[in-house]
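Q: I should like to learn how to read the features of a protein model, one at a time. Where should we begin?

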Amino acid sequence: MSTYPGAKIPETLFDDPDKEARWRARFSAPRVSLPDWARDAPHRSLYVSNVSGTWELYAWDRATDTHRQVTARPNGTFHGTLSADGNRIWWFDDTDGDEFGSWVSEPFDPTGESPENPLPTTHAGYPAGLELGQRVIALGMSTDEGVTVWVSEDGDTRVIYQHEQDGGLAAVSRDETLLVLSHSEHGDSRHPALRVVRTDGSTLAEKWDGPGLGLGALDFAPVPGDTRLLVSHERRGREELLLWDVATDTETELDLDLPGELSADWYPDGSALLIAHTHQARTTLHRYDIAAGTLTPLPTSRGTAGAASVRPDHSVEYTWSSAAVPGRVRVLSPEGEDSVLLTPGGDRAPESRPVEDVFVEVPYGPNDTVHALLARPDDTSDGPLPTVFNLHGGPHAADEDRFSSYRAAWLEAGFAVVEVNYRGSTGYGSAWRDAIEGRPGLTELEDVARVQDWAIKEGLTTPELSVVAGASWGGYLTLLALGTQPDRWAGGVAGVPVADYVSAFADEMEPLRAYDRALFGGSPEELPRLYHECSPLTYVDEVRAPVLVLAGDNDPRCPIRQVLNYLDRLLQREVPFEFYRYDAGHGSLVIAETLRQVATEIHFARRAVGMA
């Protein structure tokens with residue numbers, strides 16, 4: 001077994017005790033997610049919090065305003081939901097963050113009962129949907145053999161769907177007679193189709209918009225007997241909405257005259273929709289009256305409204321933050337009064353710096369510009385400055401004007417932070433999102449290079465002061481950038497990356513293999529030259545800047561073996577590198593572990609640009 005140079009983990013990042021306390025407080029300050037609630041018992045809620053030092057599930061009885069911690073596992077718990085009647089909590093039980101496991105259930109009120117699998121005839125896997133009704137339970141799981149969906153009804157659990165292609169359970173009607181499956185039987189999991197089935201598995205309706213056009217089932221109308229399904233589509237080149245009456249197979253597209261991309265949820269009586277509108281890295285909320293066809297903005301502050309839902313009394317609960325202001329869970333009353341809904345106690349995280357919008361012109365389309373967000377460490381920072389180009393994961397994701405403890409830590413350390421919404425990012429239209437198909441990685445880095453060229457021309461930074469960093473897909477792009485753009489970077493920080501694409505494909509979870517086949521246009525066996533061209537391992541001999549790699553032993557998305565393959569090649573060369581290996585999966589839910597990793601990353605980057 002090879003011995004790799006270990007990462008240097010600093011005890012503190014800053015000599016200034018105030019700065020040291022401030023950056024740590026942004027990660028460790030108590031936080032809560034948007035509470036979910038039981039469909040037929042809305043006074044019973046479930047949320048995730050880091051109050052214990054690890055992200056775990058908490059139950060909240062709103063009637064008595066009592067809270068209790070439900071789970072307590074060494075590597076944390078993030079996925080849970082409530083039964084329709086609110087009497088039971090379901091949570092996903094994996095092993096050390098490997099994302100493979102089974103759903104278990106326990107009472108909402110503590111009784112001493114141990115969590116157990118309520119559907120023992122199902123098998124373990126990666127979650128592919130869970131819907132809990134009063135009478136029907138529907139469950140999806142993915143494994144290397146494909147996806148399976150079960151229905152449990154009146155004590156009888158049966159398989160209603162199996163397929164080797166990726167898919168899963170998307171929604172169940174309010175009267176629990178119909179289910180929606182999202183599937184990629186056509187071979188493209190990035191652009192799924194929908195199938196509505198009865199609880200015996202027989203098909204009622206199908207909808208597919210054809211190659212390159214995905215559909216997403218958001219939810220059935222929350223009214224018994226109402227067969228309208230809220231669906232996202234991209235027929236006009238961006239994510240929009242339609243209502244599909246699955247009983248009559250008729251649909252109504254909603255033209256809301258908003259410039260960005262849309263998602264939505266129902267108001268409880270089915271008469272209106274809560275619209276989430278994302279445009280240029282910010283999300284706003286609106287109410288859409290279906291019968292009147294009117295759209296009314298809800299009074300939220302500039303920034304990003306995250307998760308949101310409508311309570312039975314028509315109040316809207318939502319999360320909100322901006323780059324400068326830490327997040328809160330808020331509630332907007334039907335009368336328009338906005339207030340904080342839930343606080344976990346303790347001191348709130350210190351505020352940080354705002355972001356500026358940067359639009360860099362590009363000559364190649366499909367859009368005219370690349371949108372980036374820039375944050376400066378203070379108002380007097382003219383440059384050239386040490387700058388981290390922090391590349392988001394996904395790639396189906398985007399950086400937004402929202403609070404990030406990670407961004408704030410880099411700013412505290414004196415770095416400017418540039419976040420690039422490269423091709424492949426969501427929120428900028430379907431063509432922008434799909435432009436990486438057939439040439440992933442190298443396409444995104446063209447956009448990153450354009451933004452870095454802008455930053456150098458503006459005097460913000462220089463190649464000698466530029467660090468490229470990211471996790472997951474961002475870690476993949478980091479390693480690829482170090483090998484294909486060696487003159488641009490003083491150092492690189494790659495968290496849980498794809499490093500050797502062929503080995504990663506062989507070892508990763510099946511849903512990601514399906515995703516990669518859709519992204520590349522086939523498997524490594526079918527397209528060996530393309531996978532070779534887009535793999536960081538191909539360019540490892542060109543790497544000249546020092547690199548820090550962080551990886552989890554139980555990661556099913558970017559498995560450890562392919563990371564070690566890359567490090568073995570680095571060992572044969574004189575390029576300095578460091579390796580941080582930890583016992584968890586694709587990241588950590590333990591705050592102390594997160595603090596160690598972030599301190600290690602920034603300490604490494606400061607040395608790479610000559611700050612330490």
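**Charges, rings, sheet and cores**

A: Begin with a charge over a ring: Arg-311 lies over the face of Trp-37, at 4.6 Å from the ring centre. Please keep in mind throughout that this is a predicted model.

Q: Over the ring of which residue does the charged end of Arg-287 sit?
A: The ring is that of Tyr-267, and the charged end of Arg-287 is 4.8 Å from its centre.

Q: How is a pair of aromatic rings described?
A: One gives the distance of the centres and the angle of the planes. In this structure the count comes to 17 aromatic pairs. Take Tyr-47 and Tyr-58: their ring centres are 5.7 Å apart and their planes stand at 10°, so the pair is stacked, the cut-off for stacking being under 30 degrees.

Q: In which strands do Tyr-47 and Tyr-58 lie?
A: Tyr-47 belongs to strand 2 (residues 41-49) and Tyr-58 to strand 3 (residues 56-61), so the pair ties together parts that are eleven residues apart in sequence.

Q: Are Tyr-47 and Tyr-58 buried or exposed?
A: Tyr-47 is buried, and Tyr-58 is buried as well.

Q: Which residues do ring pairs link into a cluster?
A: The cluster consists of Trp-473, Tyr-476, Tyr-501, Phe-505, Phe-520 and Tyr-531.

Q: How should I read the order of strands in the open sheet?
A: The order names the strands as they lie beside one another. Here eight strands follow the order 28-29-31-30-32-33-34-35, with mixed pairing. Strand 28 (356-361) and strand 35 (577-582) are at the edges; each has a single partner strand, so one side of each is left without a neighbour in the sheet. On average, neighbouring strands of this sheet are turned by 20° against each other, direction ignored.

Q: How many bridges join strand 32 to strand 33?
A: Five bridges join strand 32 (residues 466-471) to strand 33 (residues 491-495), and the two run parallel. For Val-467, the bridge partner in strand 33 is Gly-491.

Q: Which strands does helix 2 touch?
A: Helix 2 (residues 405-412) packs on the sheet and touches strand 29 (369-375), strand 30 (387-391), strand 31 (416-421) and strand 32. The direction of helix 2 makes about 145° with that of strand 31.

Q: How many residues has the largest nonpolar core?
A: The largest nonpolar core has 112 residues, and those with the most contacts inside it are Trp-23, Tyr-566, Leu-567 and Phe-579. Apart from this core lies another, of 14 residues, including Ala-171, Leu-194, Phe-220 and Val-246.

Notes
Residues numbered from 1 in each chain as written. Predicted model: local features only at pLDDT ≥ 70, side-chain atom pairs only at ≥ 80, totals over all residues. Heavy atoms only, no water. Core = buried A, V, L, I, M, F, W, Y, C linked by side-chain atoms within 4.5 Å. Buried < 20%, exposed > 50% of the residue type's maximum accessible area, 1.4 Å probe, protein only. Pairing = 2+ DSSP bridges. Helix = DSSP H or I, 4+ residues; strand = E, 2+ residues; numbered from the N terminus. Axes fitted to C-alpha atoms, helices over the stretch in contact; angles between N-to-C directions. Contact = heavy atoms within 4.5 Å. Phe/Tyr/Trp six-rings, centres within 6.5 Å; stacked < 30°, edge-to-face > 60°. Lys NZ or Arg CZ within 6 Å of the ring centre and 35° of its normal.
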